[in-house]
Amino acid sequence: MAIRKIARLGNPVLREKTREIPPDQIRSPEVQRLIDDMIETMREYEGVGLAAPQVHESVRLFITADIYDPEDSEKLLAPARVVINPQMTFLTQDEVEYWEGCLSVPDLRGLVRRPRKLRISGYDRAGNEVQFEAVDFAAVVYQHEYDHLDGVVFLDRMTDMKKLAFLREFGRYIAGPDEKVAD
Ligand code: ZN
């Protein structure tokens, strides 16, 4: 396993539409190595999620760590996942707002409104079809990672740029230092 270099905002790879991974290639050594490297990279930089374009691979794959409730750090909302070729369906018109950050947009936090409930279907790393639902913060994390596969970053989703802050100022003026955000 290896820690990969993170593409930062301005790198064209973050703005490309990614290509699907043929299901019969999911178990290939190349794809499995990419997944292992992404997991190690996400851990190293303490992200909640990581999408393949963020490590310069323009394919439809993202991973997430265990997702905990930002209001209750003991409450597990969703287990760690590897999601390949995801399809996303919103299950409500209701929206929620959370502060988001991104390893590719370092040191910034921005407030983003997104649908609060969704269903995702796709493949896991064994090549099995999977389907799951998520609400609230977990739904936000999945949308953030899914967006990366379409060349979209959280800044594009912001409706009020006054709600953009550097991490340090965010901690000082807006939230406590332990505030959890979607990466
Ligand atoms: Zn991101």
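Asp69 has Asp72 as its bridge partner in strand 4. The model described here is predicted. This briefing covers a pair of strands, then helix 2, and then Val153 in the loop that follows.

**Strands 3 and 4**
- Strand 3 covers residues 67-69 and strand 4 covers residues 72-78; the two run antiparallel.
- Three bridges join strand 3 to strand 4, and the one between Asp69 and Asp72 involves a residue of strand 4.
- The connection from strand 3 to strand 4 is a hairpin of two residues.

**Helix 2**
- Helix 2 is made up of 14 residues, 136-149.
- At 1.5 Å a residue, helix 2 should span 20 Å, and the 21 Å between its end C-alpha atoms agrees with this.
- Of the 14 residues in helix 2, 13 are buried, so the helix is largely enclosed by the rest of the structure.
- Gly151, just after helix 2, has a positive phi of about 75°.

**Val153**
- Val153 sits in the loop between helix 2 and helix 3, the latter being residues 154-157.
- Is Val153 buried or exposed? Val153 has a relative accessible area of 1%, which is under the 20% cut-off, so Val153 counts as buried.
- With neighbours within four places in sequence left aside, Val153 is in contact with Leu9, Arg15 and His148.
- Arg19 lies 134 residues from Val153 along the chain, and the C-alpha atoms of these two residues are 17 Å apart.

How values were computed: Residues are numbered from 1 along each chain as its sequence is written. This is a predicted model: local features need pLDDT of at least 70, side-chain atom pairs count only at pLDDT 80 or more; totals for chains, interfaces and linings use all residues. Side-chain values use heavy atoms; hydrogens and water are left out. Helices (H or I, at least four residues) and strands (E, at least two) are DSSP runs, numbered from the N terminus. The expected span of a helix is 1.5 Å times one less than its number of residues. Buried means under 20% relative accessible area, exposed over 50%, partly exposed in between (1.4 Å probe, protein chains only). Contact means heavy atoms within 4.5 Å. Two strands pair if DSSP finds at least two bridges between them.
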